[in-house]
Amino acid sequence: MPQTHWILVANAAQARLFERTSLTEPLVELADWVNPQSRMPASETERAPLGHSLGGRAGLAPRSDLKQQQRSAFAQTLAAYCREAVLNHRVKALALVVSNPFMGELAAHLDASVQKALLAQHVLDLTSLSTTDLDQRLRTEFRL
């Protein structure tokens, strides 16, 4: 029985999940996600400083960066999907091809079960490639 490998190609704005059972088989896209808030200008996603005024010092609480919260929530969504698949034995091995710095955000949300299933991690943004071009590049450069 062939082993199922998943390849998650992502950045902070979008993610695509592919499956491959061998290098001779084509990539099959299983799912995709979009995080449109990550493309919004910072001026539209940042909140005003919060906090009270004590002795003339306003805004004691740190600025809440809504854009960062959206990226974190997106990373949590992807990590939870992978975790559920690993725990339910839908996937044996997982490769991540994720942009920098989103790779760090995603890695922070991966639990031990997903980390054990990690086959490879490549810090690279390939989300703009067509499935055909992505398939070719993953085969030749990364043997995925």
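Start by selecting Arg16: at 12% relative accessibility, this residue counts as buried (under 20% relative accessible area; exposed is over 50%, partly exposed in between, with a 1.4 Å probe and protein chains only). You're in a predicted model, where local features need pLDDT of at least 70, side-chain atom pairs count only at pLDDT 80 or more, and totals for chains, interfaces and linings use all residues. Numbering runs from 1 along each chain as its sequence is written, and side-chain values use heavy atoms, leaving out hydrogens and water.

Now add Glu29. Its side chain meets that of Arg16 in a salt bridge (3.4 Å, N to O); the term means a side-chain nitrogen of Lys or Arg within 4 Å of a carboxyl oxygen of Asp or Glu. Arg16 sits in strand β2 (residues 14–20) and Glu29 in strand β3 (residues 28–34), so the pair ties together parts 13 residues apart in sequence. Helices (H or I, at least four residues) and strands (E, at least two) are DSSP runs, numbered from the N terminus.

Next stop: helix α2, residues 66–87. At its N-terminal end, Asp65 is the cap, with a side-chain oxygen 3.0 Å from the backbone nitrogen of Lys67. Colour the buried residues, among them Phe74, Leu78 and Cys82. The buried set covers an arc of only 160° around the axis, which puts them on the same side of α2 (the arc is taken from directions between the helix axis and the C-beta atoms). Just after α2, check His89, whose phi is positive, near 60°.

Finish on Arg83 in α2: Asp111 forms a salt bridge with it, closest N and O atoms 2.6 Å apart.

Technical notes:
Expected span 1.5 Å × (residues − 1). Polar contact = N/O pair within 3.5 Å; in protein donor to acceptor, adjacent residues only side chain to side chain.
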